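Welcome to the tour! Open your viewer, keep the selection panel at hand, and follow along one stop at a time.

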Amino acid sequence: MIFLELLCFNLKKGSGNYLAPIRGNGHLKRIIMRTNLIILVIFAACMQVSASSYAQYSIKAVNKPLTAVLQDIEHKTGMVFMYNTALLANSKPITAEIKNAPLNDLLTKILENEPLNFKIIDKTIVLSAKPVIPPVKQAAIEISGNVYDETGKPMPGVTIRVVGTAFNSISDNLGHFVLHDVDENATLEFTFIGYAPLQLKVKGHTSFNVTLSPTQRALSEVVLVGYGTTKRKDLTGAVSSVNVPSINNTPLVTIDQALAGKAAGVQVTTADGSPGGVARIRVRGGTSLLGGNDPLYIIDGVQMTVSDPYVTAAADVASPTEFQGGGDRSTYGLNTVASTYSRGLNTLAGLNINDIESIDILKDASATAIYGSKAANGVVIITTKKGKKNQKPTLEAGYYTGFSNAITEKLLNAAQYKQVYLEGAANTKDFLQQAGLPANAAATAILADPTLLGTANTDWLKLITRVGRTQNADVNIRGGGASSAFYTSLAYTQQTGTLLGTDFQRISGKVNLNNEITSKLKLNTNIGYSFTKNNITNGIYSSALYMPPTIAPYTNGKPTVVPPISFGNTFTLPGGVQNPLALLQGQNKANTAALLGSLNLEYDIFKDLTFRSIASVNYSNYHQLNYTPSTVQAYYNSSLGTTGGVGSQGQTEQTDAFIENTLTYDKKFDTNNHLTFLVGTSWGESNYKSFSASGEGYPDDYFLTGLSSAATYLKPTSSRYKSGLLSFYLRANYTFKDKYLLTITGRSDKSSKFPIANRTGYFPSFGVGWKLNEESFLKNVSWIDELKIRASAGYTGTQNIGNNLFYTLYTPSSYAATNALIPSQLGNDRLKWESTLQKDLGIDFSFFNSRLNGSIGYYSKQTSGILLTAPQPTSTGFSAALKNVADISNKGLEIAIGGDIIRKQQFSWNINLNISGNRSKVSRIEGTFQDPSSVANTDPDLQSLIVGNTVLQPGKPVGEIYGYIYKGVIKTQAQLDQYKSQSFYAQLGFLPDLGIGSPMYETFKSGNFQGFFKRDVIGNAQPKFYGGLTNTFNYKQFSLTALFTYSYGGQLLYLPSVNSFGLGSLGNKNTQILLPSYSASNPNADRPKLYLDATNVDGAYGATSANVYSASYIKLKSLSMSYKLPDYLLKKLGVKTAMIYVSGSNLFAITKYPGPDPEVSSDPYSLINGYTDNATYPTMRQYTLGARFSF
Amino acid sequence: MAKKKLYLLLLSVVSVSILSSCNKQLNEPPADASTNLTAVSDERSAQIVLNGVYYRFANVNSNNVTDWTYHELSGGMLTGMLGYGAGAAVDEDNNNVGSSYVPPLWTDAYQMINAANGLISGVNKLPATAFTGSRKNQMLAEAQFLRAYADFKILMFFSEWNDLNSKNGVVLRTQLATIDNGQQARSTVAESYNAILSDLDFAIKNGPTTNPNYYMNRWAAMVLKMRVLMCRAQTGDYAQVRSLADSVMQNSPYTLEPNLKDIFYTKGLSSNEVILGTKPQAGQENSYYILSRAYYPGASAIFCCKQAFKDLLANDPRRSWMVGDTLQFNPTPNTNYFTKFIPNGTSPTQVSETCYAMRLTEVYLLKAEAILRSGGNIADAKTLIKTVMSKAGVTDFSAVNNANDTNSLLLQNYYEVLRNLTGEDGLEWMTLMRFPLSTIRQLRSTITSKVQLYFPVPLSELNYNKLFGSQNTGYSL
């Protein structure tokens, strides 16, 4: 009986072990040994000898070896022990004192703690091994199944273990596995590096189809690369993946804003606080001066290029801030509504964040070159959620509501305003008296009757701001059958801005259908649509900054007409200031309808060869309405009067269609050689149609503001463009021994934007990777999960520029009431692609079972042949033509580190930190441009490469701020005399009030413009480093995510401080004016004395070095806390999952910047401009409360 | 397997055909823009492009108004007749380096030249049979006339026009500008004259005989040729001027306007005296930034006449309407509204916005000057001058009658040019410059050097046209 049991036991053990493919030699020995024992037992059992059982024996042993005790017993009893000596290997020494016990009892006692049984057969005592007590016998079943990855591909090599036993198995090449004799109540555990372990209860099931989900941030996760996916561990390029869950549940409405601080090498700056507005995104620095510098977005395979849709309108209102700040004088009149508009509109606004499944940012040439001419600024690949096969329909719904407060300028109140001006008036009067000059009329009047400054106490900012309200509701349904899956969603967002009259609305949704027609043919359709509405300020904020707080907002029930107070022609409100409440009657609205649709066909021609075809369309229809009421002064470039309002309507329709075909050959030749080869072709066509019509003279400002009501029609404008891009591309990935990686990509792009001779651009790249952890010398280092070195180099290009730029164009017009065509653009048939050579070196690592992972990368990006309009000899009939004239280099280091500080069942704490530094430098600008100081030597206002308040010059960084140089306050008579002798303006008598306490500015010391105020570089906007820090805490059902973003070392031109640098006008100032200013009692102050004249800014009409401030900051960008309802509650409520959350954004910032927020950009599209805080829309602090359920 | 191969083959065929059609589409010219390759395709489109050259001639600006400010003001300011109302312009002191009213002529002229070259190369690509009758040559003649007009402006203002041996002439452009041909050397003065005259000879031979007077005809080409020859002043040139004048006076349909004032105040281009002018755009008179509004009431700019002009008209009936009230706002001393084109106290009209490039009066006075300069009959010259004066309502001819030598009569001729043609197309400045420097100095004390008779070439040309050559003698910019 025993031997039968033993036999069974051993066979079972053996068969169990037999399943395990890995067997050591030791194991084999044990089996042979056991077999010997069985033979022995059989032999012993057959002997049938017996021994006396009735005699009594005594024995005493102290720590005596068992063999010695056995010999003693043999000696005392005359019995013979029979055993396999190996049995005694594990015996323990014996300590016992037994007196007068029968043999049976004695043996029982002696062998009590030994792994031995005994049996007395006649005179022989047979020793055998004590059987291991087998587990409680239950029904055992055979289990089989398949394991898939998140993309539905079979996963080989997954370990499947029966929990609590040593039983395990590993899936084969088809992802298939079998387990025999598994307890029907057992639990299976599936594990694979880079994937979340999965436990499943068997519960009597015999067949399992299991999908594993990758863990976040591990080197093995799947990342999207152009036209395919790859494992992160097999990448040779630099790709940052954004943790999508961490951007959900934040108050950020648009995807570009949500990317802030999320990825190394990706700098995100919120342009301003307009609802739904745009952010400036630079992936490893910008590369284009003329075109956009935003990355290329690929949304579910559909390409999307960010652009500024604003249609120039006749009705525009000037910005007093920009008026005072200098800027680009040729266009300052168009700076308010136009630039606010540009920042308020967002190409990506139609995308609902909750629909997003993954975001991968491709940064280096090895990754981006497959997108060739569109990839120099990086590529962001976004996929949206899809249904899963064999999933019963799930409905998920979410809602949140939020509140936002404007972070506004701090302005003088009425009392402070009066105090400041009275002090200024007194200073003015004293100075003029002492100098024997005629009295200043304004000073005399104010001192005689301070009520002339106004008697009201108005908080203009309070009048035009409000608590913004956000509401967002979204619902999605997903599910799938055996061969189809679907996902559909609908979302509605409504956001009222913190400024009156501004809001954003969005309805967006998508339908995604995946169909497996046959085992070889798949067809996917994807349609995303959105309707967005923007209502944008008419410059009310800028004007509110300047309106004196002493003025009543209304007079006789109507907005007070500006200027309400003035002292002669010179001392009044600055140009462009209007009553914000009058401006509020204006309209600036934009409606956008957009559709992203694609049809995707996939056919497996052979086992290893797959054909994919995608047809996609990106359509948008944009409508813009501007109306400037009759009560408001409009600035525009025509010569019309302002009677009766000016209105414009513009319409733009853009259709980008693509057809792309690829063939993918994926072959694993043997365990050492794996090749993936992709070839593809793509045809893209872009059609753009736009028109704008304007009229002026409307019967009223409220109801009859449609174009048909206008008395006079202005010349309408219309344009139509078409461009095409024909591309061929290939990529080969070769992996040798799973250690050495090689990627080669190439793309040729043929674009209608370039002349025939240079139409085709070639964009090759290569990347190599070396997985050190696979090498024998590191293979056994258990704490290294992954360690990879990668390097790449390659070319990419940009073509986000206008159409037809290389043609010599004729523009239609008319003369003598007859059509005329005039040459309007000098063509350049030698125009070339802007080309970027990017080199990249990086290390990716994952240590301690993925508890610490990250990457370090260094890159060098050299863009050459950057297009810019270059001056031409005017005898050509043109002043400029587009040429490849500049080179820009970007070099940088980026580090991303993440890890689980605490990884417990109940509590976890994860940190992700990224830090990047980018050095952007103009390496060449063709000789036709000169350094700013010499340009100014020939003409101080020449702006050939000076755009607004910025300048580009060879050998210097991008982002240089340009302006006058403040030299401090004149404190002594000697300084005054010297300054007067240097300043040409002073000598001409333009600065009669120059005296002690006046400001000094740098002047030219020689040249044609000796004595003129000098403009030069006064700051640099480029930060030394920037990045983000995300902390995620999970405790039981609670989760807390905190995102800090930071930027260090950059500067910003703070335009409102231009106004508060003196009392040159009656406009209100920010509280900087209260900073210590020079006076007899405060001679150490380095701000000029308060004085009622433009002397404080004279000559330096515009920005000066005194207005440039450090824009370093660290801010709590978002904080979000969520609570997942526990299972028992879910059951009670009948829902599958439920979560509630609260979050906040822009909660606080640590910064020395004097303005409300250092993270702003005046022009998010441009590389040259945009480093100005022009305070046209305040940023905001937001709080939301939301819930999310699924059924 | 065979089926799969068939699919692959089919796929390849479809792909290749799609790709070739894509390629074709890439090479298509822009759909909604006209390029140098497509602008001129037939007679009608050629006419439209030609009208574009006239658009440049009339200098229609971004406000969609014809802007002849620099044509009208440059001559008047340089001769001391006209000025800026709110602080004198440096041009009034013959400070050519700081001039603001002459440099824009450079750009305007070259825009016109480029437009003309575009038309010429476009038309030349089409066969004569593509045009009705002799329209091909007529169009070429019109374009060449306009090119000659612009080249002559460059010659007279930015070249050493009065020295036929000078190498500092005009950059003679004959091709539509490209990025490559932008680099081109200036021609000599002699070559410049020849090129202009050659264009004009073609225009005289082939130009239309009749045309609305905001377009050119053969008579206009003859008048321009007279101007050119008068300035070149080589052997036989004066005789040619006289014979051209005779031809225009005897054979052309033009007659002197019986009452000079009617041209500017009521008739405009409908006057039978106007050989060539600019036609204001529709509604232009309502615009704010227009020239006649800058004369009266003085809007975005204020141009006025100066004491010298007032004095010159002291006993002339023209004073009553050409010289208006004293300037009201921030006046430059001794200035009055210049009301030649717009009556005092009125609003701009289409007529006030009309500009005059050529009037028959000029032909009379050029002929008189040619007679005098070539030693002709003084009495003939006097008759010509007096005829012109009589149309202005002058009855007292004593000054002309009393001038009995060539030089004093040349002066009388100049004075009549000033009285009659000031503020039109720089004719007064050209007439002044044809005097010897000593006379010029007497007439304009601010001119002390021959160098002041031409202007420096704009830096925008010198900096970016590396082949240009040297700056005009006497200027170091």
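Start by colouring chain A by pLDDT, the predictor's confidence in each residue, from 0 to 100. Select helix α1 (residues 2-19) of chain A: among the elements of this chain, it has the lowest mean pLDDT, 38. Then jump to strand β53 (residues 1108-1110) of chain A, which has the highest, 95. Helices (H or I, at least four residues) and strands (E, at least two) are DSSP runs, numbered from the N terminus.

Two other stretches are worth a click. Select residues 327-334 of chain A, where pLDDT stays under 50 and the model has 18 contacts beyond four places in sequence. Next, select residues 636-641 of chain A: the pLDDT is below 50 here too, with 14 contacts beyond near neighbours in sequence. A contact means heavy atoms within 4.5 Å. Averaged over chain A, the pLDDT is 83, and 88% of the residues score at least 70.

A word on the ground rules: this is a predicted model, in which local features need pLDDT of at least 70 and side-chain atom pairs count only at pLDDT 80 or more, while totals for chains, interfaces and linings use all residues. Residues are numbered from 1 along each chain as its sequence is written, chains are lettered from A and ligands numbered from 1 in the order in which they are written, and side-chain values use heavy atoms, with hydrogens and water left out. The model scores ipTM 0.93 and pTM 0.79.

Now show the whole of chain A as a cartoon. You should find 19 helices and 57 strands. Of its 1191 residues, 55% count as buried, meaning under 20% relative accessible area (exposed is over 50%, partly exposed in between; 1.4 Å probe, protein chains only). Turn on the surface: chain A has about 49000 Å² of accessible surface, 58% of it belonging to carbon and sulfur atoms. Such areas come from the Shrake-Rupley method with a 1.4 Å probe, and for residues only the protein chains shown count as cover.

Hide chain A and bring up chain B. How many helices and strands does chain B have? The count is 19 helices and 7 strands. Chain B averages a pLDDT of 93, and 98% of the residues score at least 70. Rotate the C-alpha trace of chain B: along its principal axes, the trace spans about 110 × 50 × 45 Å. Buried residues make up 59% of the 477 residues in chain B.

Zoom in on helix α3 of chain B, residues 69-78. Is this helix mostly enclosed or open? 9 of the 10 residues of α3(B) are buried, so the helix is largely enclosed by the rest of the structure. Among those buried residues are B:His71, B:Glu72 and B:Leu78. Just after α3(B), click on B:Gly80, whose phi is positive, near 85 degrees.

For the last stop, select B:Met81, in the loop between α3 (69-78) and β2 (82-84) of chain B. B:Met81 is buried, with a relative accessible area of 5%. Which residues does B:Met81 touch, not counting those up to four places away in sequence? The list includes B:Gly76, B:Cys304, B:Cys305, B:Phe309 and B:Leu418. Finally, draw a C-alpha to C-alpha distance from B:Met81 to B:Gly474: the two are 393 residues apart in sequence and 26 Å apart in space.
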